[in-house]
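This report concerns charged side-chain pairs, the packing of two helices and the surroundings of selected residues. Please consult the sequence and the structure while reading.

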Amino acid sequence: AFEYDAAVLAAAASAHGVRFERLSRRAGGAGFDPPPRHRNGPRPLCVCEADAAEADAWGRAAFDLALLDAYDGRGDVPAHLQREPFLEGLSRVLRPGGFALANLWNGSDRARAECARFAAKLRAAVGRVYVLRVAGHEQNVILLACRPGERQGSESTCDVLRERLAAAAAAAATDCPEPALV
């Protein structure tokens with residue numbers, strides 16, 4: 001993950017209890033050192049304190065997941081997220097079989113048209129894109145973009161993730177306990 005504002009990282013840790021490891025920028029500013037290997041338990045969330053719009057800062061990192069809060073105060077997808085250097089960088093740093101999840105405003109005709117344009121750009125840069133509804137926040141949608149690279153003949157990890165996210169949203173909408181997102 002990338003976050004350019006140290007105050008946001010501090011708030012995520014203190015107010016929301018988000019645990020993460022900060023990745024250090026390599027000497028000369030070219031990319032980031034890889035996260036330490038963890039033998040036991042899940043890998044931690046790793047955060048690079050940098051602007052994700054600076055695709056050259058990404059180096060050759062390999063991420064399983066990229067989370068994009070992809071709308072500004074007016075509900076527009078920020079221009080820097082739609083530019084080719086950002087989208088190429090996003091595709092480059094996602095591991096084969098990796099995902100990009102983008103939270104978008106979808107509450108007006110103009111926003112829906114912009115969402116469709118951004119989905120097309122994600123599809124061209126990353127791969128298949130699914131649109132997921134957000135229970136309780138009907139003015140938002142999540143775009144799930146899946147980078148190819150999974151083993152042939154196996155059930156698509158992207159399809160499994162999409163189904164689990166949809167099931168979790170349906171459970172939240174009916175006040176049922178959420179299914180595990182394992």
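Is Glu 88 buried, partly exposed or exposed? The model is predicted, and in it Glu 88 has a relative accessible area of 47%, so this residue is partly exposed. Glu 88 belongs to helix H3. Its C-alpha atom is separated by 6.2 Å from that of Ala 125, although the two residues are 37 residues apart along the chain.

**Packing of H3 and H4**

Helix H3 comprises residues 84-93, and it packs with H4 at an angle of about 45 degrees. The axes of the two helices are 9 Å apart. With this angle, H3 is oblique to H4, because oblique covers angles that are neither under 35 degrees, nor over 145, nor from 65 to 115. The crossing of H3 past H4 is right-handed. On the H3 side, the contact is made by Leu 87, Leu 90 and Ser 91. On the H4 side, Phe 118, Lys 121, Leu 122 and Ala 125 take part. Sorted by class, the residues of this contact are five nonpolar, one polar and one charged.

**Salt bridges**

Side chains of opposite charge can pair when their charged atoms come close. How many salt bridges does a search of the whole structure find? The search finds five. Three of these pairs are set out below.

| Pair | Distance, N to O |
|---|---|
| Asp 76 and Arg 74 | 3.3 Å |
| Asp 76 and Arg 110 | 2.3 Å |
| Arg 112 and Asp 109 | 2.7 Å |

Asp 76 appears in a salt bridge with Arg 74 and in another with Arg 110. What does the pair of Asp 76 and Arg 110 tie together? Asp 76 lies in the loop between strand E3 (63-69) and helix H2 (79-82), while Arg 110 lies in helix H4 (residues 109-125), so the pair ties together parts that are 34 residues apart in sequence. The partners also vary in exposure. Asp 76 has a relative accessible area of 13% and is therefore buried. Arg 74, at 62% relative accessibility, counts as exposed. Arg 110 counts as partly exposed, at 47%. Asp 72, Arg 74, Asp 76 and Arg 110 are linked in a network of salt bridges.

The salt bridge between Arg 112 and Asp 109 has both of its residues in helix H4. Because they are three residues apart in that helix, about one helical turn separates them. Arg 112 is partly exposed, at 38% relative accessibility, whereas Asp 109 is exposed, with a relative accessible area of 62%.

**Surroundings of Asn 106**

Where is Asn 106 placed? Asn 106 is found in the loop between strand E4 (94-105) and H4. Its relative accessible area is 11%, so Asn 106 is buried. With neighbours within four places in sequence left aside, Asn 106 is in contact with Ala 111, Arg 112, Cys 115, Arg 133, Gln 139, Asn 140 and Val 141. Arg 112, one of these contacts, is also the salt-bridge partner of Asp 109.

Methods
Residues numbered from 1 in each chain as written. Predicted model: local features only at pLDDT ≥ 70, side-chain atom pairs only at ≥ 80, totals over all residues. Heavy atoms only, no water. Salt bridge = Lys/Arg side-chain N within 4 Å of Asp/Glu carboxyl O. Buried < 20%, exposed > 50% of the residue type's maximum accessible area, 1.4 Å probe, protein only. Helix = DSSP H or I, 4+ residues; strand = E, 2+ residues; numbered from the N terminus. Axes fitted to C-alpha atoms, helices over the stretch in contact; angles between N-to-C directions. Left-handed = near helix turned anticlockwise from the far one by under 90°. Contact = heavy atoms within 4.5 Å. Nonpolar A, V, L, I, M, F, W, Y, C, P; charged D, E, K, R; others polar.
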